[in-house]
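Okay, thanks everyone, let me put this one up on the screen. I'll just walk through a few spots in the structure.

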Amino acid sequence: MNETCDVDEVAKHARARWEALGRVNGPLTRPWRLDHVEAARARIDPVGLLGRFLGGDLAGKRVLLACGGGGQQSAAIGLLGAHVTVVDQDAGQLARDHDSWAAHGLPDGLLATVHADIRDAASIDVPGAPFDLVWMPYAINFVPDCRPVIAAIASQVAPGGLFRLQSANPFVLGMHPDDHAGDAYLRRGTYVDGDRVEAADPDWVYDRSLGIDVPRAVEYRHTLATLINATVAAGLRIVQLEDAVDVPMDPNEAPGTWDHFCATNPPWLAIWAMRE
């Protein structure tokens, strides 16, 4: 595992939080168990966008997973036949990638991990670059200024390659299921790029009964215009925008529940873009 990690206050807080979430085995840090290839495909590409944009098969393709440690997306993408490189600043998360990779019987030589801050992606030695697919799960909101980060990560996309960037829905960040009045929810915060948002985690994020102190999530709002313009400025063409990503959604559940909240206020979105 390559080691290039540096620490500032933003990174220090994020690392402390993810290390604590790992200690409580929170769902966000827990490796996925995928029984077969189609289960991996359903988990990573439920509506077939990878197939549409990359030709239906990841076999032999080079994939960069940016801030995606934990043995989740890495194993799913590996089961689809790709060579995977994971960059993450939490060594524990990277260890879970290796554990999950082995548990799924994947060839050890097809996984590389780099212990580094993804903000340095343009300057660090990332094995496998440039990449056919660069996949960034939910992480961009942990930095105050997303533009240089998007530029750095996008620089790793090969010609004809695909970039998927997951982000907080900027209109929903800071809201909480408890903020309901009937079936409506109060929107909190100001719609300002870089706005610092600190909020309590929903109950599903970790088990409080374990008595382990998990630092509160500190995130930064990035407006939709900033996300889109930064992606375009990085030389990529946006081909798809998803506004309901990786969450349960049921408008028939009771107001104030997570499923109802997500159905009426999708908390995450994803931008898909290609380099011509």
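So look at the side chain of Arg221: one of its polar atoms sits 2.7 Å from the backbone oxygen of Pro170. This is a predicted model, by the way. There's a second backbone oxygen to point at, that of Leu173, which is 3.0 Å from a polar atom of the Arg221 side chain.

Where is Arg221 along the chain? It's in a loop, with β10 (217-220) on one side and α7 (224-233) on the other. And is Arg221 buried or exposed? Buried: its relative accessible area is 1%. If you leave out residues up to four places away in sequence, Arg221 touches Asn141, Arg188, Asp193 and Asp195, among others. Pro170 and Leu173 are in that contact list too.

Okay, on to the core. The largest nonpolar core has 81 residues, and the members touching the most others are Leu50, Met136, Ile153, Leu162 and Trp272. Which strand gives the most to this core? That's β12, residues 268-274, contributing 7 residues. As a general point, nonpolar side chains in soluble globular proteins tend to be buried together.

Last bit, cysteines. How many disulfides does a search of the whole structure find? The count is 0. Take Cys146: the nearest cysteine sulfur belongs to Cys67, and it's 13 Å away. A disulfide would need the two sulfurs within 2.5 Å, so Cys146 isn't in one. Cys146 is buried, at 0% relative accessible area. Cys262 also counts as buried, with 0% relative accessibility.

That's my tour, happy to rotate the view.

Notes:
Residues are numbered from 1 along each chain as its sequence is written. This is a predicted model: local features need pLDDT of at least 70, side-chain atom pairs count only at pLDDT 80 or more; totals for chains, interfaces and linings use all residues. Side-chain values use heavy atoms; hydrogens and water are left out. A nonpolar core is a set of buried Ala, Val, Leu, Ile, Met, Phe, Trp, Tyr and Cys residues joined through side-chain atoms within 4.5 Å. Buried means under 20% relative accessible area, exposed over 50%, partly exposed in between (1.4 Å probe, protein chains only). Helices (H or I, at least four residues) and strands (E, at least two) are DSSP runs, numbered from the N terminus. A polar contact is a pair of N or O atoms within 3.5 Å; within protein, one must be able to donate a hydrogen and the other to accept it, and residues adjacent in sequence count only if both atoms are side-chain atoms. Contact means heavy atoms within 4.5 Å.
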